[in-house]
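Colleague: Could you take one part of this model and give me a close look at how it is packed? I would like the partners first, then the surroundings.

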Amino acid sequence: MVDGKAIYRLEQIRRTYEVGGELVHALDGIDLSITSGEFIAVIGTSGSGKSTLMHTLGFMDSPTAGKMVFEEQDVSNISRSLRAQFRATRIGFVFQAFNLLPRLSVLDNVVLPLTYSRARFSRKEKMARGTSVLERVNMAHRLTHRPSQLSGGERQRVAIARSLINQPSLILADEPTGNLDTSNRGRVMELFSSLIEEGITLVLVTHDDEVANYAQRRICMQDGKIIEDDQG
């Protein structure tokens with residue numbers, strides 16, 4: 001459900017590293033606009049710059065040069081503390097390895113990001129909010145289970161619920177189906193598609209063409225550049 005409003009703009013973004021005395025251009029002049037409600041798949045071979053782009057969008061890394069505008073704010077050179085604040089409150093993350101804490105229940109894993117929010121929530125408010133997002137991903141029946149008691153697909157649905165807990169502007173998913181079998185991969189992608197219908201904005205990195213086919217827009221990267229942007 002694209003509403004036409006750009007929530008993120010990258011203009012000539014570069015990220016350069018020095019490796020063994022040589023400069024590596026992980027991002028080499030990236031221009032990209034992400035519109036609210038879009039479902040974007042970023043594809044490309046290993047070393048193409050997909051992960052660096054994801055880290056840059058998610059404020060886990062800073063560009064060497066260029067301009068970044070997020071929610072109409074220039075975030076090109078913001079402080080480390082402000083980047084952490086954006087990560088905690090405005091961006092949701094879903095990873096291939098799920099990144100659930102094994103000793104916590106499903107519900108406690110989901111509400112954990114609220115601990116880092118500037119807003120203060122009572123235990124009751126956290127539980128209500130966590131239960132609500134678990135209902136959205138059809139996992140409310142597993143509230144008290146530990147991650148080890150869940151299938152891979154169930155763990156990823158819990159991770160998606162956690163990414164929603166702070167009502168983010170953008171969800172970034174890094175190979176979210178990489179550890180799933182074909183059946184669970186399909187269920188997770190159908191869940192992502194349903195969230196798009198609710199107005200969520202999603203950027204997903206994948207090596208899997210079948211997964212990329214769920215997206216409305218495919219961006220192909222090579223050598224730190226966007227070489228194709230298929231907006232369907």
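Modeller: What follows goes through one helix, its packing partners, the cores and then a few other places.

This is a predicted model, in which local features need pLDDT of at least 70 and side-chain atom pairs count only at pLDDT 80 or more, while totals for chains, interfaces and linings use all residues. Residues are numbered from 1 along each chain as its sequence is written, and side-chain values use heavy atoms, with hydrogens and water left out.

Let's start with helix 5, residues 152-164, and its packing against helix 4, residues 123-136. (Helices, H or I and at least four residues, and strands, E and at least two, are DSSP runs numbered from the N terminus.) The axes of helix 4 and helix 5 are 9 Å apart, and the angle between them is about 130°. Axes here are lines fitted to C-alpha atoms, for helices over the stretch in contact, and angles run from 0 to 180 degrees between N-to-C directions. Helix 4 and helix 5 are therefore oblique to each other (under 35 degrees counts as roughly parallel, over 145 as roughly antiparallel, 65 to 115 as roughly perpendicular, and the rest as oblique). Helix 4 brings Val133, Leu134 and Arg136 to the contact, and helix 5 brings Val158, Ala161 and Leu164; contact means heavy atoms within 4.5 Å. Between helix 4 and helix 5, the contact residues comprise 5 nonpolar, no polar and 1 charged. In that count, Ala, Val, Leu, Ile, Met, Phe, Trp, Tyr, Cys and Pro are nonpolar, Asp, Glu, Lys and Arg are charged, and the others, Gly among them, are polar.

The other partner is helix 6. Its axis and that of helix 5 are 9 Å apart, at an angle of about 20°, and helix 5 and helix 6 are therefore roughly parallel to each other. From helix 5, Gly153, Gln156, Arg157, Ile160 and Leu164 make the contact, meeting Asn184, Val188, Leu191, Phe192 and Leu195 of helix 6. The contact of helix 5 with helix 6 is made up of 6 nonpolar, 3 polar and 1 charged residues.

Now for the cores. The largest nonpolar core has 39 residues, and those with the most contacts inside it are Phe39, Leu134, Val137, Val158, Ile160, Leu164 and Phe192. (Such a core is a set of buried Ala, Val, Leu, Ile, Met, Phe, Trp, Tyr and Cys residues joined through side-chain atoms within 4.5 Å; buried means under 20% relative accessible area, exposed over 50% and partly exposed in between, with a 1.4 Å probe and protein chains only.) Elements giving two or more residues to this core include helix 4, helix 5, helix 6 (182-197), strand 3 (39-43) and strand 7 (170-174). Helix 6 gives the most, with 6 residues.

Ile160 shows these links at one residue. Beyond its neighbours within four places in sequence, Ile160 touches Val94, Val137, Val188, Leu191, Phe192 and Leu195. A second, separate core of 27 residues includes Ile7, Ile40, Phe59 and Phe70.

Phe59 leads us to helix 1. Phe59 lies in the loop between helix 1 (50-57) and strand 4 (65-70), and its phi is positive, about 60°, although it is not a glycine. Phe59 is buried, at a relative accessible area of 1%. Helix 1 itself is mostly covered, with 6 of its 8 residues buried: Lys50, Thr52, Leu53, Met54, Thr56 and Leu57. Lys50 has a relative accessibility of 5%. Setting aside its neighbours within four places in sequence, Lys50 has contacts that include Val42, Ile43, Val205, His207 and Met221. Lys50 and Lys225 are 175 residues apart in sequence, yet 9.5 Å apart in space, C-alpha to C-alpha.

Two loop residues complete the tour. Phe98, in the loop between strand 6 (91-95) and helix 3 (106-111), also has a positive phi, about 70°, without being a glycine. Phe98 is buried as well, with a relative accessible area of 8%. Leu114 sits in the loop between helix 3 and helix 4 and is buried at 2%. Leaving out neighbours within four places in sequence, Leu114 contacts Ala119, Phe121, Lys126, Arg129, Ile165 and Asn166. From Leu114 to Ile160, where we were earlier, there are 46 residues in sequence and 15 Å in space, C-alpha to C-alpha.
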